[in-house]
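Trainee: Could you take me through one part of this protein up close? I'd like to see how a helix in the middle of things is held by what surrounds it.

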Amino acid sequence: MSLHSLAKAKIELIRKQAWDDFYIFAKFVCGRDLMEETPHREVCEYLTYGLDKSEQLGIEFNHPHKVIPRDRDITKQRSLKKLVMLHRGAFKSTIASNAFPLWLLWHNPNLRVLIDSETLGNAKLYLAGLKDMMDNNEMIKMICVDEDGD
């Protein structure tokens, strides 16, 4: 197997894993190397929990259910709103305001995402961070963009 074929196979493996597992996407595709299994996988699963069953978002993936039990009843959940409360520096904004909108848009490019914050300045910073990741992160381009540029 050539080095080029091996690299393509590795990219395809990461693409498949990152499609279903938001933690893999945030850590390896978005380049958030300092993310840890605990507590960041739980945050990622919490954010994506129930989305695989949501008709509102029009996205399809197989939730990994590594932390949150597969049998948890989410049928009574009326809202897709989530609240993440962690200490300062725990990657809340990095995960929820940067990586998560990109992961959602990768699944459904027709979604509209509102980035909001306590201040307009913070919201603008999060939006600038998203734009920078889309424009300059080569891993995102390799994983999320197909051969036709879509």
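Mentor: Let's start with a crossing: α4 and α5 cross in a right-handed way. Keep in mind as we go that this is a predicted model. Helix α4 covers residues 92-107, while α5 takes in residues 120-136. Their axes lie 10 Å apart, and the packing angle is about 50 degrees. That angle makes the pair oblique, since it falls outside the 65 to 115 degrees that count as roughly perpendicular and is not under 35 degrees either.

Now look at who touches whom. On the α4 side you'll find Ser 93, Ser 97, Asn 98, Ala 99, Pro 101 and Leu 102. Facing them from α5 are Tyr 126, Gly 129, Leu 130, Met 133 and Met 134. Sorted by class, this contact has 7 nonpolar residues and 4 polar ones, with no charged residue in it.

Next, follow α4 to its other partner, α2, which is residues 22-29. Here the axes are again 10 Å apart, but the angle is about 115 degrees. These two helices are therefore roughly perpendicular to each other. The crossing of α2 and α4 is right-handed. From α2 come Phe 22, Phe 25 and Ala 26, and α4 brings Ile 95, Ala 99, Phe 100, Leu 102, Trp 103 and Trp 106. This contact is made of 9 nonpolar residues, with no polar and no charged ones. Ala 99 and Leu 102 are worth clicking on: they appear among the α4 residues that meet α2, and also among those that meet α5.

While you're at α2, check how covered it is. Of its 8 residues, 7 are buried. The buried set is Phe 22, Tyr 23, Ile 24, Phe 25, Ala 26, Lys 27 and Val 29, so you'll see that a lysine is listed there under the buried cut-off of 20% relative accessible area. The cover over those residues includes α1 (3-20), α3 (37-48), α4 and α6 (138-144).

Two spots sit on the loops that flank α4. Before it, in the loop between α3 and α4, is Phe 91. Phe 91 has a positive phi of about 70 degrees, even though it isn't a glycine. Its relative accessible area is 22%, and that makes Phe 91 partly exposed. After the helix, in the loop between α4 and α5, comes Leu 111. Leu 111 has a relative accessibility of 13%, so it counts as buried. Beyond its neighbours within four places in sequence, Leu 111 touches Leu 57, Ile 59, Leu 104 and Leu 105. If you measure C-alpha to C-alpha from Leu 111 to Pro 101, you get 9.4 Å, for a separation of 10 residues in sequence.

One more thing to look at is α3, where Pro 39 is found. The peptide bond leading from Thr 38 into Pro 39 is cis, with omega near 10 degrees.

To put the close-up in context, zoom out. The protein has 6 helices and 0 strands, and 37% of its 150 residues count as buried. Take the contacts between residues at least 6 apart in sequence: 61% of them join residues at least 24 apart. The accessible surface is about 10,100 Å², and carbon and sulfur atoms account for 54% of that.

Conventions. Residues numbered from 1 in each chain as written. Predicted model: local features only at pLDDT ≥ 70, side-chain atom pairs only at ≥ 80, totals over all residues. Heavy atoms only, no water. Helix = DSSP H or I, 4+ residues; strand = E, 2+ residues; numbered from the N terminus. Buried < 20%, exposed > 50% of the residue type's maximum accessible area, 1.4 Å probe, protein only. Contact = heavy atoms within 4.5 Å. Areas by Shrake-Rupley, 256 points an atom, 1.4 Å probe, with all protein chains shown as cover. Axes fitted to C-alpha atoms, helices over the stretch in contact; angles between N-to-C directions. Parallel < 35°, antiparallel > 145°, perpendicular 65-115°, else oblique. Left-handed = near helix turned anticlockwise from the far one by under 90°. Nonpolar A, V, L, I, M, F, W, Y, C, P; charged D, E, K, R; others polar.
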